[in-house]
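User: I am new to protein structures. Please take one part of this model and walk me through it closely.

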Amino acid sequence: MADDQHGRTPPTPAHRARPRSPRRTPSGTEPATARSDLRLRLILSALFLPVFTAATVGFALWSAHQGPGDSPGSGPLTVLAVVCGVLALAAALDLVRVTAHRRREAAPTDDAIG
């Protein structure tokens, strides 16, 4: 192969492809078994789900009752309703995931029963 102007051999596709390890190893100072605080996630999801749901309904109703010359217009209110709806959906999904994870952790194993 021809060397480049600095005398290096250009990389081939085999040089670029690195084998992927099956598990990602921690790269910083975090512990190898780092976990999120499920109780905090549960509290925040349970707190913000009704807040974002109420905000979605409120902005949608406000947007529906806006006239042509009213300020703020129905466009920005619709955008706020959609953003709050997406955040409510994210809170609901996180609430479901955390609840399922906590149930899975609390379930007795077959080894402990016998």
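Analyst: Let's start at the surface. Leu40, Leu44, Leu47, Phe48 and Val51 make a nonpolar surface patch of about 420 Å². Keep in mind that this is a predicted model.

Take Leu40 from that patch. Leu40 sits in helix H2. Its relative accessible area is 45%. Buried would need a value under 20%, and exposed a value over 50%, so Leu40 counts as partly exposed.

Now move to Phe48, another member of the patch. Phe48 has 33% relative accessibility, so Phe48 is partly exposed as well. Phe48 also has an aromatic partner. The ring centres of Phe48 and Phe52 are 5.7 Å apart, and their planes meet at 25 degrees. Planes under 30 degrees apart count as stacked, so this pair is stacked. Look at the spacing in sequence too. Phe48 and Phe52 are four residues apart in helix H2, which puts about one helical turn between them. Why does that spacing matter? An α-helix has 3.6 residues a turn, so residues three or four places apart point the same way.

The structure holds two aromatic pairs. Phe59 and Trp62 also pair up, with ring centres 6.4 Å apart and planes at 15 degrees, so they too are stacked. Both lie in helix H2, three residues apart, or about one turn of the helix. Phe59 is partly exposed, at 22% relative accessibility. Trp62 is partly exposed, at 39%.

Next, follow the chain out of H2. Helix H2 covers residues 38-64, and the loop between H2 and H3 holds Pro72. The peptide bond leading from Ser71 to Pro72 is cis, with omega near -5 degrees.

Then comes helix H3, residues 74-106. H3 has 33 residues, which at 1.5 Å a residue should span 48 Å. Its end C-alpha atoms are 47 Å apart, so the expected and modelled lengths agree.

Which residues of H3 are buried? They are Leu77, Ala81, Cys84, Ala88, Ala91, Asp94 and Val98. H2 is among the parts that cover these buried residues.

Zoom in on Ala91, one of that set. Ala91 has a relative accessible area of 9%. The cut-off for buried is under 20%, so Ala91 is buried. What does Ala91 touch, beyond residues up to four places away in sequence? Ala91 touches Ser45 and Leu49. Thr53 offers another reference point. Ala91 and Thr53 are 38 residues apart along the chain, yet their C-alpha atoms are separated by 9.8 Å.

Finally, step back to the whole chain. The protein chain has four helices and zero strands. Read along the sequence, the pattern is α-α-α-α. Of its 114 residues, 10% count as buried. The chain exposes about 9,500 Å², and carbon and sulfur atoms supply 62% of that area. Contacts tell a further part of the story. Among contacts with a separation of 6 or more, residues 24 or more positions apart account for 62%.

Notes: Residues are numbered from 1 along each chain as its sequence is written. This is a predicted model: local features need pLDDT of at least 70, side-chain atom pairs count only at pLDDT 80 or more; totals for chains, interfaces and linings use all residues. Side-chain values use heavy atoms; hydrogens and water are left out. Helices (H or I, at least four residues) and strands (E, at least two) are DSSP runs, numbered from the N terminus. Buried means under 20% relative accessible area, exposed over 50%, partly exposed in between (1.4 Å probe, protein chains only). Contact means heavy atoms within 4.5 Å. Accessible areas come from the Shrake-Rupley method with a 1.4 Å probe; for residues, only the protein chains shown count as cover. Rings of Phe, Tyr and Trp (its six-membered ring) pair if their centres lie within 6.5 Å; planes under 30 degrees apart count as stacked, over 60 as edge-to-face and the rest as tilted. The expected span of a helix is 1.5 Å times one less than its number of residues. Patches are made of residues with over 30% relative accessible area and no salt bridge: like charges are joined within 9 Å, nonpolar side chains (Val, Leu, Ile, Met, Phe, Trp, Tyr) within 5 Å. A salt bridge is a side-chain nitrogen of Lys or Arg within 4 Å of a carboxyl oxygen of Asp or Glu.
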